[in-house]
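Welcome to this tour. Open your viewer, switch to a cartoon view, and follow along one selection at a time.

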Amino acid sequence: MEYKVYILKVKDTNDIRYVGITSGKLNTRLNKHLHDIKRESCKNNYKKNWLNKYRDSIVIEQIDSANSIDELKNKEIFYIEKYSLDGKYIIFDCAASAAQHFNLKREKIVMVCNGKRNHTGGIIFRYKKGTNE
């Protein structure tokens, strides 16, 4: 089975806003993203806000492929890091603040920071150097 790594970007600006993975058709995956925000099942506020704002200008594009789940996960992390905020970071005082900002579970953010998960909500979190909370 071929797995795909894809990006969602704004057509007019080519601003990459999301990196994702799928084993299905790209248009089906894009429609699922758009359907999720209509049904309020999208819990990631950042993603929900820009999908609503640019819904008519969003393009999905395959950027890589993989033949195994492990290869796919590694490539997804690589591209999330490559495209995330152009190397800029949002700094939060604690995992709870990040969880509230992105409408994610604090425990999952902590698991990502501790290396027990690759990402949550399509976002990679890290502790600021010198801290671990």
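Before the first stop, one term: two strands pair if DSSP finds at least two bridges between them. Strands (E, at least two residues) and helices (H or I, at least four) are DSSP runs, numbered from the N terminus. This is a predicted model, in which local features need pLDDT of at least 70 and side-chain atom pairs count only at pLDDT 80 or more, while totals for chains, interfaces and linings use all residues. Residues are numbered from 1 along each chain as its sequence is written, and side-chain values use heavy atoms, leaving out hydrogens and water.

**Stop 1: the whole chain**

Start with everything selected. The protein chain has five helices and three strands, and along the sequence they come in the pattern β-β-α-α-β-α-α-α.

**Stop 2: the sheet**

Now select the strands. Which order do they take in the sheet? The order is β2-β1-β3, in an open sheet with antiparallel pairing. At the edges are β2 (15-22) and β3 (58-66), each of which pairs on one side only. From one strand to the next, the twist averages 25 degrees.

Zoom in on strand β1, residues 3-10: eight bridges join β1 to β3 in the antiparallel sense. To see one of these partners, select Lys4 and look across to β3, where the bridge partner is Ser65.

**Stop 3: helices on the sheet**

Next, select helix α1, residues 26-38. Helix α1 packs on the sheet and touches β1, β2 and β3; a contact here means heavy atoms within 4.5 Å. The direction of α1 makes about 130 degrees with that of β3. For such angles, axes are lines fitted to C-alpha atoms, for helices over the stretch in contact, and the angles run from 0 to 180 degrees between N-to-C directions.

Then add helix α3, residues 69-83. Helix α3 lies across β1, β2 and β3, and runs at about 130 degrees to β3.

**Stop 4: salt bridges**

Show the side chains now. Side chains of opposite charge can pair when their charged atoms come close. A salt bridge is counted when a side-chain nitrogen of Lys or Arg is within 4 Å of a carboxyl oxygen of Asp or Glu. The structure holds four of these salt bridges.

Select Lys9 and Glu61: their closest N and O atoms are 3.0 Å apart in a salt bridge. This pair links distant parts of the chain, with Lys9 in strand β1 and Glu61 in strand β3, 52 residues apart. Are the two residues buried or exposed? Lys9 is buried, with a relative accessible area of 13%, whereas Glu61 counts as partly exposed at 33%. Buried means under 20% relative accessible area, exposed over 50%, and partly exposed in between (1.4 Å probe, protein chains only).

Go back to α1 and select Asp36 with Lys32. They form a salt bridge whose closest N and O atoms are 3.0 Å apart. Asp36 and Lys32 are four residues apart in helix α1, so about one helical turn separates them. Asp36 counts as buried at 13% relative accessibility, and Lys32 as partly exposed at 44%.

Finish in α3 with Glu71 and Lys75, a salt bridge with its closest N and O atoms 3.2 Å apart. Here too the residues are four apart in the helix, which means about one helical turn lies between Glu71 and Lys75. Add Asp64 to the selection, and you have a network of salt bridges linking Asp64, Glu71 and Lys75.
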